[in-house]
Amino acid sequence: MTRIKFIGHAAFELSTEGKSILIDPFITGNPAATTAADQYSPVAILLSHAHNDHVGDSVEISKRTGATVIATFELANFLASKGAKTNDASLGGTVAFDGGTVKFTPAWHSSSYEDGDQIVAPGMPAGMVVRFGGSTIYFAGDTALFGDMRLIGEEGLDVAVIPIGDHYTMGPADALRAVKFLEPRFVIPCHYNTFPPIEQDPEAFVTNVTRQTNAKGVLLAPGESFDIPAAVRGL
Ligand code: NI
Ligand code: MN
């Protein structure tokens with residue numbers, strides 16, 4: 001069984017059998033977060049791209065816990081220079097961590113990091129197909145809609161975590177089209193209502209997912225978790 005916890009914005013924790021990982025752990029300074037970075041002790045930290053609202057507390061958590069930060073090549077090297085333990089990868093590649101794997105997928109976005117008064121641009125933005133605790137979860141990262149989401153859907157997704165905020169990513173209408181390409185069992189929206197430009201109605205979105213697609217929409221408030229039910233296959 002895999003439990004997925006929404007930390008807020010695009011930050012999630014996956015946990016199973018006493019082991020956990022973090023995805024895009026922007027916790028300190030995250031207006032939506034209800035928890036503190038120091039209460040998480042992951043074995044790995046998976047990053048979609050370099051924007052500060054995704055890298056978040058990665059370096060501090062890695063230094064404190066020894067967790068490996070897994071990210072695309074330039075971002076991994078940049079965070080290693082800041083003292084994080086890292087493993088680099090790139091699109092199409094699968095990387096193992098303690099208890100699971102992550103495969104990096106394309107995402108249509110950008111990837112830069114505000115480092116003090118400098119803006120650096122480390123690497124490619126990505127999505128991630130994560131296998132952990134018997135579940136397969138797709139984190140789209142920040143992205144526009146693209147037709148190759150159909151290929152990602154062929155991975156057999158239990159859950160798709162997709163942005164709905166519009167402005168910087170897909171909005172709700174394109175996110176609904178993405179669900180039809182991805183064909184997951186469950187859909188969890190993210191990347192909305194953290195900041196004024198991405199204000200959306202997530203309740204309407206999950207209702208539309210459940211009514212208009214074969215998936216079930218799951219709305220999580222920051223701090224809430226969803227236990228991913230085991231799939232009933234082969235009937
Ligand atoms: Ni971004
Ligand atoms: Mn973002």
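In sequence, the donor residues of the manganese ion (ligand 2) are spaced D-H-x87-D-x48-H. They are Asp 53 (OD), His 54 (NE2), Asp 142 (OD) and His 191 (NE2), at 2.2 to 2.3 Å; donors are N, O and S atoms within 2.8 Å of the metal (3.2 Å for Na, K and Ca), and because water is not among the atoms, sites may look incomplete. The pair Asp 53, in helix H1, and His 191, in the loop between strand E14 (186–190) and helix H6 (202–212), links parts of the chain 138 residues apart. Helices (H or I, at least four residues) and strands (E, at least two) are DSSP runs, numbered from the N terminus.

The model is predicted: local features need pLDDT of at least 70 and side-chain atom pairs count only at pLDDT 80 or more, while totals for chains, interfaces and linings use all residues. Residues are numbered from 1 along each chain as its sequence is written, chains are lettered from A and ligands numbered from 1 in the order in which they are written, and side-chain values use heavy atoms, leaving out hydrogens and water.

**The two metal sites**

The nickel ion (ligand 1) has as protein donors His 49 (NE2), His 51 (ND1), His 109 (NE2) and Asp 142 (OD), which lie 2.2 Å from it. The four donor atoms of the nickel ion (ligand 1) make angles of 90 to 175°, and the site is irregular. Four donors count as tetrahedral if all angles lie between 85 and 135 degrees; four count as square planar and six as octahedral if opposite donors are over 155 degrees apart and all others between 65 and 115; anything else is irregular. Asp 142 bridges the nickel ion (ligand 1) and the manganese ion (ligand 2), which lie 3.1 Å apart. Both His 51 and Asp 142 are buried, where buried means under 20% relative accessible area, exposed over 50% and partly exposed in between (1.4 Å probe, protein chains only).

**Surroundings of Asp 53**

Asp 53 is buried, with a relative accessible area of 18%, and His 191 is buried at 2% relative accessibility. The side chain of Asp 53 makes a polar contact of 2.6 Å with the side chain of His 9, and another of 3.2 Å joins the side chains of Asp 53 and His 54. A polar contact is a pair of N or O atoms within 3.5 Å; within protein, one must be able to donate a hydrogen and the other to accept it, and residues adjacent in sequence count only if both atoms are side-chain atoms.

**Salt bridges**

The structure holds seven salt bridges, each a side-chain nitrogen of Lys or Arg within 4 Å of a carboxyl oxygen of Asp or Glu. The table lists some of them.

| Pair | Closest N to O |
|---|---|
| Asp 227 and Arg 3 | 2.6 Å |
| Lys 103 and Glu 155 | 2.8 Å |
| Arg 185 and Asp 158 | 2.8 Å |

Asp 227 lies in strand E16 (residues 225–228) and Arg 3 in strand E1 (residues 2–8), so the salt bridge between them ties together parts that are 224 residues apart in sequence. Asp 227 is partly exposed at 33% relative accessibility, and Arg 3 is partly exposed at 37%. For the third pair, Arg 185 is partly exposed, with a relative accessible area of 23%, whereas Asp 158 is buried at 4%.
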